[in-house]
Amino acid sequence: YFDVAKITSVPGYCDYIAPQIYFGFDNAVQPYAQTLAKWEKVIGKDTGIDLYVGIASYKVGTLDKFAGKDGENEWKEDTDLTARQIKLAREKEHYAGFALFRYDHLFKPAQDVKNRVEKERQNIEKLLK
């Protein structure tokens, strides 16, 4: 019951939005690039509203059973997915930052995904330098 279109079209209603775009690029229903573009469009012109992108770092190294056949292995096989998502988000006009969910997955990963998570974290750190 929250009218995002209204609050992002009127200056002064809000300072920023932080959508949780927890999808990979190959997600069958909500591909990351298209979903990011939709959120960018939601923000009205000259509103001063910033876009902080929520990214699902907790999925790194895991199977995404809700992503469809083409996207289910994306988080499991890629070790630069999060970094590519950040790079694409930085190209958007309203981009102001990103939020990674969850801290413990990036810095205290389960043993079975530890190698992939560490590679992903290194790719993210390169972007921050």
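The following questions and answers concern the nonpolar cores and aromatic pairs of a predicted model.

Visitor: Which helix gives the most to the largest nonpolar core?
Guide: The largest nonpolar core has 18 residues, and Tyr32, Leu36, Leu51, Val53, Ile86 and Ala89 touch the most other members. At least two residues of this core come from each of helix H2 (32-42), strand S2 (50-55), helix H4 (81-90) and helix H6 (114-128). With four residues, the one that gives the most is H4.

Visitor: How many residues are in the other core, which includes Tyr22 and Trp75?
Guide: This core lies apart from the largest one, and Leu81 and Val117 are also among its residues. The number of residues in it is eight.

Visitor: Is tyrosine 22 buried or exposed?
Guide: The cut-off for a buried residue is under 20% relative accessible area. Tyrosine 22 has a relative accessible area of 16%, and therefore counts as buried.

Visitor: How many residues apart in sequence are the parts that the pair of tyrosine 22 and phenylalanine 101 ties together?
Guide: The two rings are stacked, at 6.2 Å centre to centre with 10° between the planes. Tyrosine 22 lies in the loop between strand S1 (16-17) and H2, whereas phenylalanine 101 lies in the loop between strand S3 (95-100) and helix H5 (103-107), so the separation of the parts in sequence is 79 residues.

Visitor: Why does the pair of tyrosine 103 and phenylalanine 107 count as stacked?
Guide: Planes under 30 degrees apart count as stacked. The ring centres of tyrosine 103 and phenylalanine 107 are 4.8 Å apart, and the pair is stacked because the planes lie at 25°.

Notes
Residues numbered from 1 in each chain as written. Predicted model: local features only at pLDDT ≥ 70, side-chain atom pairs only at ≥ 80, totals over all residues. Heavy atoms only, no water. Core = buried A, V, L, I, M, F, W, Y, C linked by side-chain atoms within 4.5 Å. Buried < 20%, exposed > 50% of the residue type's maximum accessible area, 1.4 Å probe, protein only. Phe/Tyr/Trp six-rings, centres within 6.5 Å; stacked < 30°, edge-to-face > 60°.
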